[in-house]
Amino acid sequence: MEPFLIRALAAGIGLAVIAAPLGCFLVWQRMAFFGETVAQASLIGVALALALNLDVTATVLVASVAVSLLLLALGRQKLVPVDTLLSLLAHSSLAIGVLATALVKGRSIDLMSFLFGDILAVTRDDLMWIGLCGIGVLITLARIWRPLLSIAVHDELAAAEGVARDRVQTVFVVLLAIVIAMAMKIVGVLLTVAFLIIPAAAARPLATTPEGMARLAAGLGAAGVLGGLMLSMTADTPGGPSIVAALALIAAATLTWASAKR
Amino acid sequence: MTESNGQDGNRHPPSRLSHGHHGHGHDHDRHDGHGHEHRHGVAALGPAADDALVSARGVTVERDGRALLENIDLDIGPNEIVTVIGPNGAGKSTLVRALLGLIPTTRGTVLRRSGLVVGYAPQRFDVDRAMPITVERFLRLGAAADDVRVRSSLREVGASRVAGQQIANLSGGELQRVILARALLRDPHLLVLDEPVRGVDYAGEAELYELIGTLRDAHKLGVLLVSHDLHVVMAKSDRVVCINRHVCCSGIPHTVARDPEYVRLFGEDAARAFAVYHHEHDHRHDLAGEAEPAATRGETAPKRPGE
């Protein structure tokens, strides 16, 4: 196998495993749109990195963490419905991000690779980022797993039982932002949340426990990466969209099976 | 995590401050379990104010300049069932949240006995089908417990059969019992039940109230029960507090039903239905005031207090 293909596989499967449990929480807490907004806003991080000649991965990481914390704070306001606010921010930051990258002179960039990812261009450095962040994310997630799960089941009940709701939720949102920043490399700004949500949705009908659902999502996500990359290699299709299409096929299969069984 | 008052550090702290009046009598006249006509500032105090599990003094909660609760005084003592009733929008759930420290109070204090463990059954409990979780696992989210304890708490609420089932597949009555089991598993001093009979049919309702009474006796619990049900609840309670943003009247079930404030709030029919319920056994009155034979209720008639 070509080295670039090995790197692509390692990055894709690694990310699928890291993203799976977070994707489950996105589904359980109905935060898909929240994730979408963080992902699209991270394009501003790309523009910022290009304009100031900073490291793209690090800048995107910082930007998406900042955006997610901002969103968490904005979610508490009562002026505008939260989904309206998220939609407003997601699309305006996408527009501004595209504008900004177009205005930045000097470095020639391929906007498409940021929008839809470029898994075949994953470097050794990218792999290192994914590895380090992934380990950090999974260890932290394991530590807040029970209170976070309790919040996801019923947040007021959790709070009444003494769970530090705001603190746990903040940690979760930071972890989410980190994974979104990493996943952008693989599937791009526009498909990142699909990469998180679809494996979780596909795993749901097969799972009977929350942990089981997270493990299944990891497995199905990895299978989607494998299938997508095979498609990409044989039919010469773009990597990110191929992976998401493969994931969608898997989800369609499990969900159809579940509804037929009912 | 057993401390119920270990809320988020960044919430407003009044619930943990002590109050100058606590333990020395208070601004309001103390009413010992009788209904009174005062419209404002009626203290809903029981006989156990000094060793109360939770004490509210002058609690006011405002949102967007509108008062949801005004100047509420309320004590819940150990081993005491206090029922809070009131029409829709009276602020019952707001009161519960303020007592639990889930929302900040605008004015006034809520004092929880130190180390107080609360078992809470919230009113809204829509289990998302997106979450695959069994009843046993759900119980363990509230307190670390081994299989033996989980099963015994399910047995106690009569929900052993559903132990392995998915939460999302339970009926309304089963879910209420399971939530009660989760609360019990925490070994609470105080059970806070916000409309526990919501989504439960009439027979199930009476059974559930019976169960709550039994649990109180078995575990020596204080119970705060919120209800808009005017008939069944009251019979089980040691004290009834009728609120409509402020405390309208409070007392033993019997007195409250005759209180002019109660009659004003719920209407003559409700007051009469309540009274009939207490004095006769062979029929009850439906919402229109028509008598129905007791047979339609079967075994559901709960025990009356005294008499």
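**Exercise 1. Determine the exposure class of Asn79(B) and describe its backbone and its place in the chain.**

Solution. At 33% relative accessibility, Asn79(B) counts as partly exposed, because the class of partly exposed residues lies between the limits of 20% and 50%. The structure is a predicted model. The next step concerns the backbone: Asn79(B) is not a glycine, yet its phi is positive, at about 60°. Finally, Asn79(B) is placed in the loop that lies between strand S2 (66-76) and strand S3 (81-85) of chain B.

**Exercise 2. State whether Lys220(B) is buried, partly exposed or exposed, and locate it.**

Solution. The relative accessibility of Lys220(B) is 56%, so this residue counts as exposed; the cut-off for that class is over 50%. Lys220(B) also has a positive phi, here about 55°, although it is not a glycine. Its loop runs between helix H5 (202-219) and strand S7 (222-227) of chain B.

**Exercise 3. Describe the packing of helix H10 against helix H11 in chain A.**

Solution. Two packed helices are described by the angle between their axes and the distance between the axes.

1. Geometry: H10 (residues 210-235) and H11 (residues 239-261) of chain A have axes that come within 7 Å and cross at roughly 130°. That angle makes H10(A) oblique to H11(A).
2. Handedness: the crossing in which H10(A) passes H11(A) is right-handed.
3. Residues: the contact on the side of H10(A) includes Leu220(A), Gly221(A), Gly224(A), Gly227(A), Gly228(A) and Ser232(A). On the side of H11(A), the residues met include Gly239(A), Ser242(A), Ile243(A) and Ala246(A).
4. Composition: the residues of this contact of H10(A) with H11(A) divide into nine nonpolar, seven polar and no charged. Gly is counted among the polar residues in this division.

**Exercise 4. Carry out the corresponding analysis for helix H1 and helix H8 of chain A.**

Solution.

1. Geometry: the axes of H1 (residues 3-28) and H8 (residues 165-187) of chain A come within 10 Å and cross at roughly 145°.
2. Handedness: H1(A) passes H8(A) in a left-handed crossing.
3. Residues: H1(A) contributes, among others, Ala11(A), Gly12(A), Leu15(A), Ile18(A) and Phe25(A). Among the residues that they meet in H8(A) are Phe172(A), Leu176(A), Val179(A), Met182(A) and Ile186(A).
4. Composition: the contact of H1(A) with H8(A) has 14 nonpolar residues, one polar residue and no charged residues.

**Exercise 5. Characterise chain A as a whole by its secondary structure, burial, contacts and surface.**

Solution. Chain A has eleven helices and zero strands, and its elements from the N terminus on run α-α-α-α-α-α-α-α-α-α-α. Of its 262 residues, 55% are buried. Among contacts in chain A with a separation of 6 or more, 78% come from residues 24 or more positions apart. The accessible surface of chain A is about 11300 Å², and carbon and sulfur atoms hold 70% of that area.

**Exercise 6. Give the corresponding description of chain B.**

Solution. The secondary structure of chain B consists of eight helices and eleven strands. Chain B has 307 residues, of which 56% are buried. For contacts in chain B between residues at least 6 apart in sequence, 68% join residues at least 24 apart. The accessible surface of chain B amounts to about 13100 Å², with 49% belonging to carbon and sulfur atoms.

Technical notes:
Residues numbered from 1 in each chain as written. Chains lettered and ligands numbered in written order. Predicted model: local features only at pLDDT ≥ 70, side-chain atom pairs only at ≥ 80, totals over all residues. Heavy atoms only, no water. Axes fitted to C-alpha atoms, helices over the stretch in contact; angles between N-to-C directions. Helix = DSSP H or I, 4+ residues; strand = E, 2+ residues; numbered from the N terminus. Parallel < 35°, antiparallel > 145°, perpendicular 65-115°, else oblique. Left-handed = near helix turned anticlockwise from the far one by under 90°. Contact = heavy atoms within 4.5 Å. Buried < 20%, exposed > 50% of the residue type's maximum accessible area, 1.4 Å probe, protein only. Areas by Shrake-Rupley, 256 points an atom, 1.4 Å probe, with all protein chains shown as cover.
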